[in-house]
Amino acid sequence: MPELPEVEVVRRGLERWVAGRTVEAVEVLHPRAVRRHPAGGADFAARLTGETIGVAQRRGKYLWLPLEGRDLSVLGHLGMSGQLLVQPEEAADEKHLRIRVRFRDTAGTELRFVDQRTFGGLSLHENTADGLPDVIAHIARDPLDPLFDEAAYHAALRARRTTVKRALLDQSLISGVGNIYADEALWRARLHYERPTATLTRPRSAELLGHVRDVMNAALEVGGTSFDSLYVNVNGESGYFDRSLDAYGREDEPCRRCGTPMRRRPWMNRSSYFCPRCQRPPRVAS
């Protein structure tokens, strides 16, 4: 699933190509694409028509389009394969086009939500006082947010009886970090994914957080990570950070630091990739 860098790439494209445009018409072409909008597709289309789109916003992996002058936002769930594309109006429809948004201007482009696996969708939500769609009010700030509270994050890590990778993926502690970038940051920090968070000192957790930021910023510079054609920006272009991955997906390949073959272990219905020499597992208490 897309993580913070991939979602931020899409957000930047929407800010450039959609912000300030007024909706002329909305077509909902598949009911599952609006299943998180309980009133259904016709209501979603009617309520969005005539509204002006504000500057796209993001918190962690969550993306939304605020409506100007309203306490409402369109929340985008990209899911496993969702794409928000800005396409020429005359372009042929994508095979898995689910929602089309046309605008009242002469720019000649429209916003399309395309989703092969239909796990994603769009929905309208009331905003909180902080401007977030109410359904994601519980999501923590992400590490690239200038208001991210490092001291509070460290205190939460020390207080939780959990392991470091679980904590990195806990969206109520820190948002935007998924499986790929967690493995990359842990490799850079030389930490095993099962390291108990209670054993992390303040300097050690600050170092890990620095690596999380570094790997995400590096991914942003090249458009995110694309393992297949489903991960694209609003112009349909793939990112290529996967060419620079140090840990994720490199089972049996030599560690770029020490040369030891990288290992993969099943973990929470996912996989964890690590170097058995650089990232030694924690000692088991006897």
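The following exchange between a biologist and a modeller walks through a predicted model, taking up one helix, some salt bridges, two residues and two spaces in turn.

Biologist: Is helix H5 mostly covered or mostly exposed, and how many of its residues are buried?

Modeller: Helix H5 spans residues 179-189 of this predicted model, and the buried ones include Asn179, Tyr181, Asp183, Leu186 and Trp187. Taken as a whole, the helix is mostly covered, and the number of buried residues among its 11 is 10.

Biologist: Which elements do the buried residues of H5 pack against?

Modeller: The buried set runs from Asn179 to Ala189 and also holds Ile180, Ala182, Glu184 and Ala185 among others. These residues pack against helices and strands alike, namely helix H1 (4-17), helix H4 (164-168), helix H6 (202-221), strand E9 (263-267) and strand E10 (270-274).

Biologist: Which residue just after H5 takes a positive phi?

Modeller: Helix H5 covers residues 179-189, and the residue in question comes just after that helix. With a phi of about 60 degrees, it is arginine 190.

Biologist: Which parts of the chain does the salt bridge between glutamate 27 and arginine 102 tie together?

Modeller: The structure holds 25 salt bridges, and in one of them the side chains of glutamate 27 and arginine 102 meet at 2.9 Å, N to O. Glutamate 27 belongs to strand E1 (residues 23-28) and arginine 102 to strand E6 (residues 97-103), so the pair joins parts 75 residues apart in sequence. Both partners are partly exposed, glutamate 27 at a relative accessible area of 29% and arginine 102 at 33%. The parts tied together are therefore strands E1 and E6.

Biologist: Are glutamate 94 and arginine 112 buried or exposed?

Modeller: These two residues form a salt bridge in which the closest N and O atoms are 3.0 Å apart. Glutamate 94 sits in the loop between strand E5 (82-88) and E6, while arginine 112 is in strand E7 (residues 109-115), 18 residues away in sequence. As for their surroundings, both glutamate 94 and arginine 112 are buried.

Biologist: Which residues are linked in a network of salt bridges with Glu27?

Modeller: Arginine 102, the partner of glutamate 27, also meets the side chain of glutamate 110 in a salt bridge of 3.5 Å, N to O. Glutamate 110 has a relative accessibility of 1% and counts as buried. The residues linked with Glu27 in the network are Asp93, Glu94, Arg100, Arg102, Glu110 and Arg112.

Biologist: Which backbone atoms does the side chain of glutamine 171 reach?

Modeller: Glutamine 171 is found in the loop between H4 and H5, where its relative accessibility of 16% makes it count as buried. Setting aside neighbours within four places in sequence, its contacts are Lys61, His138, Ile139, Ala140, Gly176 and Val177. A polar atom of its side chain lies 3.0 Å from the backbone nitrogen of glycine 176, and the side chain also reaches, at 3.4 Å, the backbone oxygen of valine 177.

Biologist: Which residues does valine 212 touch, not counting those up to four places away in sequence?

Modeller: Valine 212 has its place in helix H6, and at 1% relative accessibility it counts as buried. Its C-alpha atom is separated by 12 Å from that of asparagine 179, a residue 33 places away along the chain. Beyond its sequence neighbours, valine 212 touches Pro143, Leu168, Val177 and Ala185.

Biologist: Which element gives the most to the lining of the second largest pocket?

Modeller: This pocket holds about 230 Å³ of space, and among its 15 lining residues Gln57, Arg58, Arg59, Trp64 and Asp145 lie nearest the centre. The elements giving two or more residues to the lining are H1 and strand E2 (57-59). By class the lining has 5 nonpolar, 2 polar and 8 charged residues. The element that gives the most, with 3 residues, is E2.

Biologist: How many nonpolar, polar and charged residues line the second largest cavity?

Modeller: The whole structure contains 4 cavities of 30 Å³ or more, and the second largest of the cavities encloses about 50 Å³. Its lining is made up of Phe44, Leu48, Ile53, Leu65, Val74, Val101, Leu111 and Leu122. Divided by class, that lining has no polar residues, no charged residues and a nonpolar count of 8.

Note on methods. Residues are numbered from 1 along each chain as its sequence is written. This is a predicted model: local features need pLDDT of at least 70, side-chain atom pairs count only at pLDDT 80 or more; totals for chains, interfaces and linings use all residues. Side-chain values use heavy atoms; hydrogens and water are left out. Buried means under 20% relative accessible area, exposed over 50%, partly exposed in between (1.4 Å probe, protein chains only). Helices (H or I, at least four residues) and strands (E, at least two) are DSSP runs, numbered from the N terminus. Contact means heavy atoms within 4.5 Å. A salt bridge is a side-chain nitrogen of Lys or Arg within 4 Å of a carboxyl oxygen of Asp or Glu. On a 1 Å grid over the protein atoms alone, a cavity is a set of points where a 1.4 Å probe fits but cannot get out, and a pocket is an open set with protein on both sides within 12 Å along at least five of seven lines; lining residues have an atom within 4 Å of a point. Grid points are joined across faces, edges and corners, and a volume is the space filled by probe spheres set on the points. Ala, Val, Leu, Ile, Met, Phe, Trp, Tyr, Cys and Pro count as nonpolar, Asp, Glu, Lys and Arg as charged, and the others, Gly among them, as polar. A polar contact is a pair of N or O atoms within 3.5 Å; within protein, one must be able to donate a hydrogen and the other to accept it, and residues adjacent in sequence count only if both atoms are side-chain atoms.
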